[in-house]
Amino acid sequence: MKKIVLTGGGTAGHVTPNLALLPKLQEIGYEVTYMGSLDGIEKKLIADFDLPYYGVPVGKLRRYIDPKNLTDPFKVIKGYSEARKYLKEIKPDVVFSKGGYVSVPIVRAAASLKIPCIIHESDLTPGLANKLCIPKAKNICCNFPETLTKLPKNKAVLTGSPVRAELFTGNADAGRELCNFDTSKPVIMVIGGSTGSVAINKAVRAALPELLKDYQVVHLCGTGRIDNMLLTTPGYAQFEYLKAELKDVMAMCDIVISRAGANAICELLSLNKPNLLIPLSKAASRGDQILNANSFEAQGYSMVLQEEDMDDKILVEKVNELYQNKDKYTEAMKKSTQMNAIDKIIALIEDAVINRP
């Protein structure tokens, strides 16, 4: 049996694409093991999938001054040592990494053992963790045409992002039942990333009196961010987070308001959902979401509203404009070449195994 180690973590976006690959990998005969941090989100997210899990110490890679910058390099060194030990035990034919600081010691340990590594860069520009892994990778998969110019030409492959197959099996009627909606008005889905967005939550709730005149709104607002004052508002449904039900809500919605995390927008692209992207501001990030959003806007897949420009009135105007032009965005997305990511990535994995030195 062929063996593969999946790695990636730190956020849900560094884990869910790995889980999207899992059914196909198992179907074609791979024994799959997951390696991540000792107690990170990746360990929790894969707990339902009955996979062997190996945790190693990891140190976060920061671009800012922090006292932990003095100690975390030692965690990375220890993680590298333990990853080598576990990889010698597992003996995988290939490693696939979705990135995040969790992956650095594991990818570099695998490369030291001559195990081929394929990594995936979600954002338009490579993050620090992947920059440290790129020299050791056989191939680097990416989501955006612009990213190809920022990677070694002999390694870069435009694949798009793996999307969970279950998202294509949603039932709109089940979504309406979950939200207590009907078919009298179109549905807006609001999603602010895996932990929610205070800025988007505030603007959407301020805009509700206007939005609810013409739409129904389902709001994934993040853990601890339910507004109890709005629990009985007709046409408005709040959830901290959805797992199994997400596919039904996706099937039900007509348009989406979203952050511009790479995996989230690739899911919207695959599902052909017209969307208004509100990227995380550069003041709160390295600016990757802004670049992601601008790329999707340039390709005709999305409308973009910068967080600094957002208030409830502008949000309503943008939503109305998006809904009126939704067919234009849907048609553009249907023509995208950033599809079939799972098949493209599996082909790279198979080639790495067959041609392993």
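1. The lining of the second largest pocket comprises 12 nonpolar, one polar and six charged residues. The volume of this pocket is about 400 Å³. Among its 19 lining residues, Leu-19, Phe-49, Arg-164, Glu-166 and Lys-243 are the closest to the centre. Note that the model is predicted.

2. Which elements give two or more residues to that lining? They are helix 1, helix 2 and helix 8, the last spanning 246-252. Helix 1 contributes the most, with five residues.

3. Helix 1 deserves its own entry. The helix covers residues 16-27. Its buried residues are Thr-16, Pro-17, Asn-18, Leu-19, Ala-20, Leu-21, Leu-22 and Leu-25. Leu-19 thus appears twice in this note: it is buried in helix 1, and it is listed with the residues closest to the pocket centre.

4. What covers the buried residues of helix 1? The cover includes three strands and three helices by name: strand 1 (2-7), strand 2 (30-37) and strand 4 (94-97), with helix 2 (41-45), helix 9 (262-270) and helix 13 (341-354). Helix 2 is also one of the elements that give two or more residues to the pocket lining. Just after helix 1, Gly-29 has a positive phi of about 100°.

5. Strand 8 runs over residues 187-191. Is this strand enclosed or open? Five of its five residues are buried, so strand 8 is largely enclosed by the rest of the structure. The burial applies to both faces. Val-187, Met-189 and Ile-191 are buried on one side, and Ile-188 and Val-190 on the other.

6. Now the pairing of strand 8. With strand 9 (residues 216-220), the sense is parallel, over five bridges. Within that pairing, Ile-188 has Val-217 as its bridge partner. Strand 11 (residues 255-258) also runs parallel to strand 8, joined by four bridges. There, Ile-191 is partnered by Ser-258. Both Ile-188 and Ile-191 are buried, on opposite sides of the strand.

7. How many salt bridges does a search of the whole structure find? The count is nine. Three of them are described below. As background, side chains of opposite charge can pair when their charged atoms come close.

8. In helix 6 (residues 172-179), Asp-173 and Arg-176 sit three residues apart, about one turn of the helix. Their side chains form a salt bridge at 2.8 Å, N to O. Asp-173 counts as exposed because its relative accessibility is 53%, and the cut-off for exposed is over 50%.

9. Helix 7 (residues 198-214) holds Glu-210 and Lys-213, which are about one helical turn apart because three residues separate them in the count. A salt bridge joins their side chains at 2.9 Å, N to O. Glu-210 is partly exposed, at 42% relative accessibility. Lys-213 is exposed, at 52%.

10. In helix 12 (residues 326-334), Glu-331 and Lys-334 are again three residues apart, about one turn of the helix. The salt bridge between their side chains is at 3.7 Å, N to O. Lys-334 counts as exposed at 52% relative accessibility. Glu-331 is partly exposed, with a relative accessible area of 41%.

11. Why does such spacing suit a pair? An α-helix has 3.6 residues a turn, so residues three or four places apart point the same way.

Terms used: Residues numbered from 1 in each chain as written. Predicted model: local features only at pLDDT ≥ 70, side-chain atom pairs only at ≥ 80, totals over all residues. Heavy atoms only, no water. Buried < 20%, exposed > 50% of the residue type's maximum accessible area, 1.4 Å probe, protein only. Contact = heavy atoms within 4.5 Å. 1 Å grid on protein atoms, 1.4 Å probe; cavity = no way out; pocket = protein on both sides within 12 Å on 5 of 7 lines; lining within 4 Å. Points joined across faces, edges and corners; volume = space filled by probe spheres on them. Nonpolar A, V, L, I, M, F, W, Y, C, P; charged D, E, K, R; others polar. Pairing = 2+ DSSP bridges. Salt bridge = Lys/Arg side-chain N within 4 Å of Asp/Glu carboxyl O.
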